[in-house]
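Subject: Handing over the structure

Dear colleague,

I am passing a structure on to you, and I would be glad if you kept it open while you read the notes beneath it.

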Amino acid sequence: MTNVIVITGASSGFGALSARALADAGNIVYAGMRATTGRNAPQVQAAADYAKEYGVDLRSIELDVSSQESVDAAIAQIEADSGRIDVLIHNAGHMVVGPVEAFTPEQLAELYDVNVLSTQRVNRAVLPGMRHRGQGLVIWVSSSSVKGGTPPYLAPYFAAKAGMDSLAVSYSAELARWGVETSIVVPGSFTSGTNHFAHSGRPADTDVETEYEARYTGLMDQVSQKLAALFPADADVSLVSDEIARIVALPAGQRPYRVHIDPANDGSEEVSNVADRVRREFYARIGLDDLLTVHK
């Protein structure tokens, strides 16, 4: 079956790789990104070149997840062009590094906006169509940091991803009776193949950052080096995009609720298994276990 798919944050990293993998599988893929005529114009051209070279249906579309107007316009255009959206992939995100005290509240709010509130903007545009058709799939690209190892100097990003993951859990139950499936994809800390670390933000309060650096000299470099060392040499970032493509290709009603792609094994899968089991058991105790599976 040919799915109509929209991916947020698809200019690079997991998003760009997933867009290509899903297009290779015969789907119609809209790669959402901002500044398509500006700084991301080369990425738009790269996607067009890929589509032409491999004969696939990969389309870039202007979609700034920080703007409800941009989101609404993009989703309206996709539905007008293709008639529906079968799969929504929440991939857009941004990382910052540094001592958490050195970030202003405004910086944390901005990060929360990109990583969490953006999913609500897109959901409110896409979900009505899925609910009214009684089918659809929402994939949330989470992070092993939500429940796994959490090294210092990444707290704002970890907190934002935890917020997004929590939304995904609640949405899963609330969409089940509408026939809309949820899959939460949990990548580990891939230190290459994405722009998370390369394009990460820094604290605005440089005075506080300097004070911490005197006590924690080189900590972020140490964390980055250790994370890279934990990863097997053959652990490529395409493992994530391949898993997303596999999930989409599964028959409706058979997609996994949560999957981990964490070659470094930071403990997230072990903790998530317990948390997800407790959730299932609690839903059964309160008579809502039908919300654990999608309704057709």
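Below I describe a pair of helices and then a pocket.

This is a predicted model, in which local features need pLDDT of at least 70 and side-chain atom pairs count only at pLDDT 80 or more, while totals for chains, interfaces and linings use all residues. Residues are numbered from 1 along each chain as its sequence is written, and side-chain values use heavy atoms, with hydrogens and water left out.

The axes (lines fitted to C-alpha atoms, for helices over the stretch in contact) of helix H3, residues 68–82, and helix H4, residues 105–133, come within 9 Å and cross at roughly 30 degrees. H3 is therefore roughly parallel to H4, a term that applies to angles under 35 degrees. On the H3 side the contact (heavy atoms within 4.5 Å) is made by Gln68, Val71, Asp72, Ile75 and Glu79, and on the H4 side by Arg121, Val122, Ala125 and Val126.

The second largest pocket (on a 1 Å grid over the protein atoms alone, an open set of points where a 1.4 Å probe fits, with protein on both sides within 12 Å along at least five of seven lines) is lined by 23 residues, of which Met1, Asn3, Leu250, Ala252 and Arg255 lie nearest its centre. Lining residues are those with an atom within 4 Å of a point. Strand S5 (136–141) and helix H8 (238–249) each supply at least two residues of this lining, and H8 gives the most, with three.

Best wishes

Technical notes
Helices (H or I, at least four residues) and strands (E, at least two) are DSSP runs, numbered from the N terminus. Axes are lines fitted to C-alpha atoms, for helices over the stretch in contact, and angles run from 0 to 180 degrees between N-to-C directions. Angles under 35 degrees count as roughly parallel, over 145 as roughly antiparallel, 65 to 115 as roughly perpendicular and the rest as oblique.
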